[in-house]
Amino acid sequence: KLIDAQNRTIAALRGAAARAVAERASIAGATTTLADRPPPSQPAAPSATGAADLSGVRDHSILGLDEATFRATSVAELLKAYAPTLGGGTCERDFGNGLINRWRGERKTYCAPKATGGSQVDCFLVKQSNHAGAGDNLCLGKNIRMNFRDFAGDLPRTYVKRYVDSRHQQQHSKIKYSKGTWAGTCATTQEWQARFFPGWNVNWYHGFQSVDDLQCEVRESAPTLIIERD
């Protein structure tokens, strides 16, 4: 059921993107720019090609951008299309663009290059108002090696079975990665502390290894997003 729900969400997003592209293409000679979008305080005009799939959406024009425009447009400009989070209190700083801006302002180097062109790990630790612990951390790695050996055998299946048998106790749902799961030619700084990797992120803390040389079987130059399901 969860997979079906995810597939429906993906299909809805793809449908919205396809309609946005078709709608733009149907207007001969017209060019959609960021300046053409309605202000965040005003709802977007109804689509001429169909109703939106997702409720509460004011402007999904980001989904209609071509690849070149999307990559050339800053995150700050992309976010201008979205209105502030409703609800008052700490909602905006904890869930809306305010949270994104806070995260972007908290960049600290956790692992510094040993030499020019070496690896680097920068992390963004932010605490939301009603979240327990030290907060949530996002990390950005450059010239980093990933080793997926922990996923090659029966280890993931073992964790899933423990998780199900324990009636979904979280401590059984996250793999405790072996040393070297990710590695870099950098030196850890004073920020590299277990307490700055809250919750299950501590498994990534223990799984990192500082090395002198990166030996890789496959090299990937495109930005790669790695997410662990919560």
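Which helices and strands do the buried residues of helix 5 pack against? I opened the predicted model with that question and took helix 5 as the starting point.

**Entry 1. Helix 5**

I found helix 5 at residues 97-104, with Asn97, Gly98, Leu99 and Trp103 buried. I then looked up what these buried residues pack against: helix 3 (75-79), helix 4 (91-95), strand 1, strand 2 and strand 3. I noted that helix 5 lies across strand 1, strand 2 and strand 3, and that helix 5 runs at about 140° to strand 2.

**Entry 2. The protein as a whole**

I stepped back to the overall make-up. I have seven helices and seven strands in the protein. Along the sequence I read the pattern α-α-α-α-α-β-β-β-β-α-β-β-α-β. Of the 230 residues, 26% are buried. The exposed area comes to about 15600 Å², and carbon and sulfur atoms supply 55% of that area. I also looked up the contacts between residues at least 6 apart in sequence: 61% of them join residues at least 24 apart.

**Entry 3. The four-stranded sheet**

In what order do the four strands of the open sheet lie? I wrote down 3-2-1-6, with antiparallel pairing. Strand 3 and strand 6 are the edge strands, each pairing on one side only. Neighbouring strands of this sheet are turned against each other by 30° on average, direction ignored.

I looked at one pairing in detail. Strand 1 and strand 2 pair over four bridges in the antiparallel sense. I noted Lys108 opposite Cys123 of strand 2, and Cys123 took me on to the cysteines.

**Entry 4. The disulfides**

How many disulfides are there? With sulfur atoms within 2.5 Å as the rule, I count two disulfides.

I took Cys111 and Cys186 to begin with; they are joined by a disulfide, S to S 2.1 Å. I put Cys111 in strand 1 (residues 107-113) and Cys186 in strand 6 (residues 186-188), so this pair ties together parts that are 75 residues apart in sequence. The torsion about the S-S bond of Cys111 and Cys186 is about 100°, so I entered this disulfide as right-handed. Both Cys111 and Cys186 are buried.

Next I took Cys123 and Cys139, also joined by a disulfide, S to S 2.1 Å. Cys123 is in strand 2 (residues 120-126) and Cys139 in strand 3 (residues 136-142), so this pair ties together parts that are 16 residues apart in sequence. I have a torsion of about 105° about the S-S bond of Cys123 and Cys139, so this disulfide is right-handed.

Are Cys123 and Cys139 buried or exposed? Cys123 has 0% relative accessibility and counts as buried. Cys139 is partly exposed, because its relative accessible area is 38%, and the buried class stops under 20%.

With the bonded cysteines of the protein numbered in sequence order, I wrote the pairing as 1-4, 2-3.

I also checked Cys91 and Cys216. Cys91 is partly exposed at a relative accessible area of 22%. Cys216 is partly exposed at 30%.

**Entry 5. The three-stranded sheet**

I found three strands in an open sheet, in the order 4-5-7, with mixed pairing. Strand 4 (145-146) and strand 7 (208-210) are the edge strands, each pairing on one side only. Strand 4 and strand 5 (residues 182-184) run antiparallel and are joined by two bridges. I looked up Arg145 and found Ala183 of strand 5 as its bridge partner.

**Entry 6. Two single residues**

I looked up Lys142, which is in strand 3. Lys142 is exposed, with a relative accessible area of 55%. Which residues does Lys142 touch, not counting residues up to four places away in sequence? I listed Gly118, Ser119 and Gln120. Lys142 and Gln120 are 22 residues apart in sequence, with a C-alpha to C-alpha distance of 5.2 Å.

I then went to Thr73, in the loop between helix 2 (67-72) and helix 3. Thr73 is buried, because its relative accessible area of 15% is under the 20% cut-off. I noted one polar contact for Thr73: its side chain reaches the backbone oxygen of Thr69 at 2.6 Å.

Methods:
Residues are numbered from 1 along each chain as its sequence is written. This is a predicted model: local features need pLDDT of at least 70, side-chain atom pairs count only at pLDDT 80 or more; totals for chains, interfaces and linings use all residues. Side-chain values use heavy atoms; hydrogens and water are left out. Buried means under 20% relative accessible area, exposed over 50%, partly exposed in between (1.4 Å probe, protein chains only). Two strands pair if DSSP finds at least two bridges between them. Contact means heavy atoms within 4.5 Å. A polar contact is a pair of N or O atoms within 3.5 Å; within protein, one must be able to donate a hydrogen and the other to accept it, and residues adjacent in sequence count only if both atoms are side-chain atoms. Accessible areas come from the Shrake-Rupley method with a 1.4 Å probe; for residues, only the protein chains shown count as cover. Axes are lines fitted to C-alpha atoms, for helices over the stretch in contact, and angles run from 0 to 180 degrees between N-to-C directions.
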